[in-house]
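Walk through this model with me, from one side chain out to the whole chain. Keep the structure in view as you read.

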Amino acid sequence: MLNFIYYPVSWILWFWHEVFGFVFGPSTGVAWALAVVFLVFTLRALLYKPFVHQVRSMRKMQEFAPEIQKLKKKYGNDKQKLAAEMQKLQSEHGVNPVGGCLPMLIQVPVFIGLFHVLREFQPYKMENYVFDRADVVSFNDASLFGAKLGASVVPYHGALPLADYNTTIPQMLVVMIPLMMMAGLFTHITARHSVARQTEAQLANPQSAIMNKLTLYVFPIGVVVGAPFLPLAILFYWVSNNLWTLGQQRIVYNKIDREEAEKVVKKVETQRTLAPKVGQKPDPDARQKKPGAKPITPGSAGKTGGATANGTPKVNGSNGDSAKSNGGTVANGSPAGSSSGEGAGSAGSTGGQRNGRPSAPTKRTRKR
């Protein structure tokens with residue numbers, strides 16, 4: 001039923017066994033152990049980019065965690081609305097939680113596939129997926145210090161006893177104990193490295209606290225306790241997988257930290273460049289104009305006319321003739337004289353008015 005997993009796993013294992021078998025010999029335990037190790041490395045190399053995407057998604061989730069808390073408070077009673085708003089928020093920030101879990105989800109079927117392929121290396125088998133009878137015999141003859149890669153200290157259901165593998169419990173323990181200790185230690189270190197990247201809000205979350213305890217202590221202890229029930233080759237898989245994860249975390253986390261630090265430095269430099277220098281007066285031309293405002297050019301007020309000191313309109317030069325011929329307004333707002341001189345004559349005979357008061361008579365008027 002899971003042949004779509006078993007065949008790719010067995011093919012990659014066969015390829016690396018051919019490579020290392022050419023160097024160390026096809027029936028040596030080193031060739032088969034390295035084949036299992038590089039099976040893990042091949043898989044993890046293919047999952048490198050999804051792992052980087054996972055780390056970036058976790059970083060973005062940490063950035064808008066306060067917004068998620070606001071949505072939970074606002075739509076706490078409406079789960080459908082909360083789910084819709086959460087999905088909308090994640091799409092706006094470019095976060096895909098499923099994509100972040102992809103590396104872990106893929107490793108589970110690979111682990112199951114490798115366990116099944118190793119279990120099928122029975123001494124009486126004629127073939128094992130892509131492996132022929134010669135490969136089956138080679139695997140069962142291979143050993144490390146007398147320990148067989150396909151055997152387990154406590155035979156699991158359907159497994160053969162150690163006598164059928166021509167090995168003993170002491171021989172198995174010599175290789176198994178160091179491997180299971182390294183597997184538990186690397187599992188704890190990788191989990192601790194991940195927990196150290198969490199924010200204070202995540203650490204304060206009760207669910208996150210439970211998961212952190214599981215990954216820090218329960219999982220490593222589970223590896224140590226479950227090691228006697230697993231084929232010896234599975235321990236090589238576990239150690240190499242956690243060793244790769246530890247190194248990959250350090251490389252990817254340092255890379256992302258440098259990128260974040262560069263963004264912060266660039267932002268500070270940009271703000272410093274745009275900020276006015278000490279003692280520098282602000283440039284009025286550099287201010288942003290209001291939307292819809294018309295451009296104002298120097299001297300336009302004098303050309304188009306403006307208000308005088310007493311608040312009356314100021315006549316511009318272009319309309320001076322029309323003001324003289326048709327009459328206009330003087331500085332006090334009174335009608336200006338027309339071109340026929342009637343206004344001037346009446347003003348001269350009556351003395352005229354200036355600013356609303358009778359003007360003083362001229363010398364010519366006194367003589368008369």
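H17 sits in helix α1. This is a predicted model, and the position of H17 is a good place to enter it. Is H17 buried or exposed? Its relative accessibility is 2%. Buried means under 20%, so H17 counts as buried.

What does the side chain of H17 reach? It reaches the backbone oxygen of P26, at 2.8 Å. P26 also appears among the residues in contact with H17, once neighbours within four places in sequence are set aside. The others are F22, A31, W32, A35, D135 and S138.

Stay with helix α1, which covers residues 3-24. An α-helix has 3.6 residues a turn, so residues three or four places apart point the same way. Keep that in mind for the aromatic side chains. W11, F15, W16 and F20 belong to one aromatic cluster, together with F38, F41 and W244.

Aromatic pairs number 16 in this model. One of them joins Y6 and Y129. Their ring centres are 5.6 Å apart, and the planes meet at 50°. That makes the pair tilted, because the angle is neither under 30 degrees nor over 60. Which parts of the chain does the pair link? Y6 is in α1. Y129 is in the loop between α7 (102-119) and α8 (133-141). The two tyrosines are 123 residues apart in the chain.

The partners differ in exposure. Y6 has a relative accessibility of 10%, so it counts as buried. Y129 has a relative accessible area of 23% and is partly exposed, because that value lies between the 20% and 50% limits.

Now move to helix α9, residues 169-195. Its 27 residues, at 1.5 Å a residue, should span 39 Å. The C-alpha atoms at its ends are 37 Å apart, which agrees with that expectation. The helix does bend, by about 30° at M176. A proline, P178, follows within four residues of M176.

Step back to the whole chain. It holds 16 helices and four strands. Of its 368 residues, 32% are buried. H17 and Y6 are both counted as buried. Among contacts with a separation of 6 or more, 62% involve residues 24 or more positions apart. Finally, the surface. The accessible area of the chain is about 24,100 Å². Carbon and sulfur atoms account for 62% of that area.

Definitions and conventions
Residues numbered from 1 in each chain as written. Predicted model: local features only at pLDDT ≥ 70, side-chain atom pairs only at ≥ 80, totals over all residues. Heavy atoms only, no water. Buried < 20%, exposed > 50% of the residue type's maximum accessible area, 1.4 Å probe, protein only. Contact = heavy atoms within 4.5 Å. Areas by Shrake-Rupley, 256 points an atom, 1.4 Å probe, with all protein chains shown as cover. Expected span 1.5 Å × (residues − 1). Bend = angle between axes of the 7 residues up to and from the residue. Phe/Tyr/Trp six-rings, centres within 6.5 Å; stacked < 30°, edge-to-face > 60°. Polar contact = N/O pair within 3.5 Å; in protein donor to acceptor, adjacent residues only side chain to side chain.
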